[in-house]
Amino acid sequence: MAQSDTAVTAERRQLMDMIFNCWGMQAVGEAARLGIADQLTGGPKSSDELAAATGANPDALYRLLRSCASVGVFTEHEGRRFSMNKLAESLRTDISGSLRDFVIAQLAPAQWLPWNHIHEAVMTGAPITKKALGMEIWDYYAKNAEEGAQFARAMGNVSAMVSADVVRLYDVTPFKKIVDVGGSQGALLRAMVRAAPNARGILLDLPNVIERARPVIAKEGLADRIEPIGGDFFKDVPAGADLYAIKSVLHDWGDEQCETILRNCHRAAPPGGRLLVVDMILPTKPPPSSLASVDLKVLMLLGGRERTEAEMVGLLTRTGWRVERIIPMPELYSIVDAVRV
Ligand SMILES: C[S@@+](CC[C@H](N)C(=O)[O-])C[C@H]1O[C@@H](n2cnc3c(N)ncnc32)[C@H](O)[C@@H]1O
């Protein structure tokens, strides 16, 4: 074999580094769990100081933080000292726009173990959560309450960022009653009722999720304006709202299930009622965006899919909604504005 056949080329090194960086992201997940970013807000610290503060093994913590730094999260200095950097800032708990819960939840068992079964998902085109977790994911979160709460906070992290843009780009002031369908802890609904002073909100989610949402809504001083309701959007959706909002829910499900949810919203809405879908819209042309990997994950978890603009419009049209416009948002998401026909 010629030497060049086995040489470590830049491309081979790049591919190997991509695998190593997956492990580096697991290190970031653990650093997030340990709250390292909060420890570093006052300035750089040594890994020994951080180990004393977190109870970790000093040598192992140094190696963990070095791995984080290798993927760009935290900066390593001489003498085993570490400081914050721009990526690590997002792991702080005390800032709006924190992604700490998102990072922890996405690397936790419910979202991570299904990747071990990717072969079966790809061979069958069917979700494999039952095999990976022994039950469907929402049942898993109900049973593993701490991880479920972590996931709800993770959705809240992302939704808090996205919701600010939704109410900036879409005028919600005319609405009087807004239902957030599958709204988790109501990050989108809270932003909407704050922006629409005459509106009352109804937060619909699974009963165990709603129980955890109540204190969040009360803490934000919105208990008198948002009514949390435990239910099942496959059965029915609270009636009579002039605006139904549904964020990051349709991508969890296959077309048939989405049509059930959307028909339930249609049945609940008055004539002329509006539906706002906030979701990621898959580009139709290469190069593929990182959304392609989100699409693969939702296939494995629940048989869901990210949709192109045409696929999203098709879903809504088939269920009695007329799409009036699609408003692209600065990052990842779009707002699909539809009216009940
Ligand atoms: C991906 S999360 C999106 C949460 C929220 N809309 C957001 O963007 O932050 C999907 C939500 O759907 C809820 N959900 C799943 N099945 C449901 C059902 N049958 N009825 C009501 N909510 C459900 C989950 O509990 C979860 O909060």
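The following questions and answers walk through the strands, helices and ligand surroundings of this predicted model.

Student: In what order do the strands of the seven-stranded open sheet lie?
Tutor: The pairing in this sheet is mixed, and the edge strands, each of which pairs on one side only, are β6 (226–230) and β9 (321–328). From one strand to the next the twist averages 20°. Read across the open sheet, the order is β6-β5-β4-β7-β8-β10-β9.

Student: Which residue in β5 is the bridge partner of Asp-180?
Tutor: Strand β4, covering residues 177–181, and strand β5, covering residues 200–205, run parallel and are joined by five bridges. Within β5, the bridge partner of Asp-180 is Leu-203.

Student: At about what angle does helix α17 run to β9?
Tutor: Helix α17, made of residues 309–318, lies across three strands, namely β8 (274–280), β9 and β10 (333–340). Helix α17 is also among the elements against which the buried residues of α15 pack. Relative to β9, helix α17 runs at about 150°.

Student: Against which elements do the buried residues of α15 pack?
Tutor: Helix α15 (residues 255–268) has 14 residues and reaches 20 Å from its first C-alpha to its last, close to the 20 Å expected at 1.5 Å a residue. Its buried residues are Cys-258, Ile-261, Leu-262, Asn-264, Cys-265, His-266 and Ala-268. These buried residues pack against β4, β7 (243–247), β8, α17, β9 and β10.

Student: Which strands stand at the edges of the three-stranded open sheet?
Tutor: The order in this sheet is β1-β3-β2, with antiparallel pairing. Each edge strand has a single partner strand, so one side of each is left without a neighbour in the sheet, and the two strands in that position are β1 (45–46) and β2.

Student: Which residue in β3 does Thr-75 stand opposite?
Tutor: Strands β2 and β3 pair in the antiparallel sense, and three bridges are found along that pairing. Across from Thr-75, the residue in β3 is Ser-83.

Student: How far apart are the end C-alpha atoms of helix α5?
Tutor: Helix α5 (residues 58–70) has 13 residues, which at 1.5 Å a residue should span 18 Å. Its buried residues, among them Leu-61, Leu-64 and Leu-65, pack against α2 (10–34), α3 (36–39), α4 (47–54), β2 (75–77) and β3 (81–83). Just after α5, Gly-72 takes a positive phi of about 95°. The distance between the end C-alpha atoms of α5 agrees with the expected span, at 18 Å.

Student: Is Val-298 buried or exposed?
Tutor: Val-298 has its place in helix α16, residues 291–302. Leaving aside neighbours within four places in sequence, Val-298 is in contact with His-251, Asp-252, Gly-304, Arg-305 and Glu-306. A residue counts as buried if 20 or more other C-beta atoms lie within 10 Å of its own. Because Val-298 has 20 other C-beta atoms within 10 Å, Val-298 is buried.

Student: How far apart in space are Val-298 and Thr-308?
Tutor: In sequence, Val-298 and Thr-308 are 10 residues apart. In space, taken from C-alpha to C-alpha, their separation is 15 Å.

Student: Which residues come nearest to the ligand?
Tutor: By class, the shell around the ligand has nine nonpolar, five polar and four charged residues. The elements that give two or more residues to this shell are α12 (145–169) and β5. Of the 18 residues around the ligand, those that come nearest are Met-155, Ser-159, Gly-182, Ser-184 and Ser-248.

Notes: Residues numbered from 1 in each chain as written. Predicted model: local features only at pLDDT ≥ 70, side-chain atom pairs only at ≥ 80, totals over all residues. Pairing = 2+ DSSP bridges. Helix = DSSP H or I, 4+ residues; strand = E, 2+ residues; numbered from the N terminus. Axes fitted to C-alpha atoms, helices over the stretch in contact; angles between N-to-C directions. Contact = placed C-beta atoms within 7 Å. Near = placed C-beta within 6 Å. Nonpolar A, V, L, I, M, F, W, Y, C, P; charged D, E, K, R; others polar. Expected span 1.5 Å × (residues − 1). Buried ≥ 20, exposed ≤ 12 C-beta atoms within 10 Å, placed from the backbone.
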